Amino acid sequence: MDDPIIQVRHLQKTFRRRGKPTVKAVRNLTLDVGRGQIFGLVGPDGAGKTTTIQMLCGILIPSGGSALVAGVDVVHNADATGGLIGGSVAKNLACKQRRAEALACGCGLAR
């Protein structure tokens with residue numbers, strides 16, 4: 001793919017919690033998304049979909065790997081990625097709606 005707008009290489013996110021087992025939410029994710037392309041992340045609960053979007057939006061800092069959004073490095077310049085991509089999270093349970101809305105707002109609007 002020529003000049004992807006989103007470029008992810010070996011992206012990882014590990015959550016370490018005191019007194020609890022380590023959780024590897026995203027493991028070695030690699031993908032490219034072309035300019036103007038629409039893509040989706042589909043999988044069961046706990047597969048890392050929300051964590052991945054949060055990393056691409058600059059809400060979470062990756063534990064490893066690299067990700068560029070419109071040429072901006074989300075590892076070293078997370079604050080600059082917030083308005084570069086848009087996101088929508090579909091949830092089928094009303095009790096989780098607020099979290100989904102917060103995530104969609106946190107990602108901002110595509111430019």
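How much accessible surface does the protein have, and what percentage of this surface belongs to carbon and sulfur atoms? In this predicted model, the accessible surface comes to about 7400 Å², and carbon and sulfur atoms hold 51% of that area. The protein has 111 residues, of which 32% count as buried. Among contacts with a separation of 6 or more, 52% are between residues 24 or more positions apart.

The secondary structure consists of 2 helices and 4 strands. Read from the N terminus, the order of elements is β-β-α-β-β-α.

The 4 strands make up an open sheet, ordered 2-1-3-4, with antiparallel pairing. Strand 2 and strand 4 (72-73) are at the edges with a single partner strand each, so each has one side without a neighbour in the sheet. Helix 1 packs on this sheet and touches strand 1, strand 2 and strand 3; the direction of helix 1 makes about 120° with that of strand 1. Strand 1 and strand 3 are joined in the antiparallel sense by 5 bridges. I6 lies opposite V69 in strand 3.

The largest nonpolar core contains 14 residues, and I6, V8, L56 and A67 have the most contacts inside it. The table lists the elements that give two or more residues to this core.

| Element | Residues |
|---|---|
| Strand 1 | 6-15 |
| Strand 2 | 23-33 |
| Helix 1 | 49-56 |
| Strand 3 | 64-69 |

Strand 2 contributes the most to this core, with 4 residues.

Terms used:
Residues numbered from 1 in each chain as written. Predicted model: local features only at pLDDT ≥ 70, side-chain atom pairs only at ≥ 80, totals over all residues. Heavy atoms only, no water. Buried < 20%, exposed > 50% of the residue type's maximum accessible area, 1.4 Å probe, protein only. Contact = heavy atoms within 4.5 Å. Areas by Shrake-Rupley, 256 points an atom, 1.4 Å probe, with all protein chains shown as cover. Core = buried A, V, L, I, M, F, W, Y, C linked by side-chain atoms within 4.5 Å. Pairing = 2+ DSSP bridges. Axes fitted to C-alpha atoms, helices over the stretch in contact; angles between N-to-C directions.
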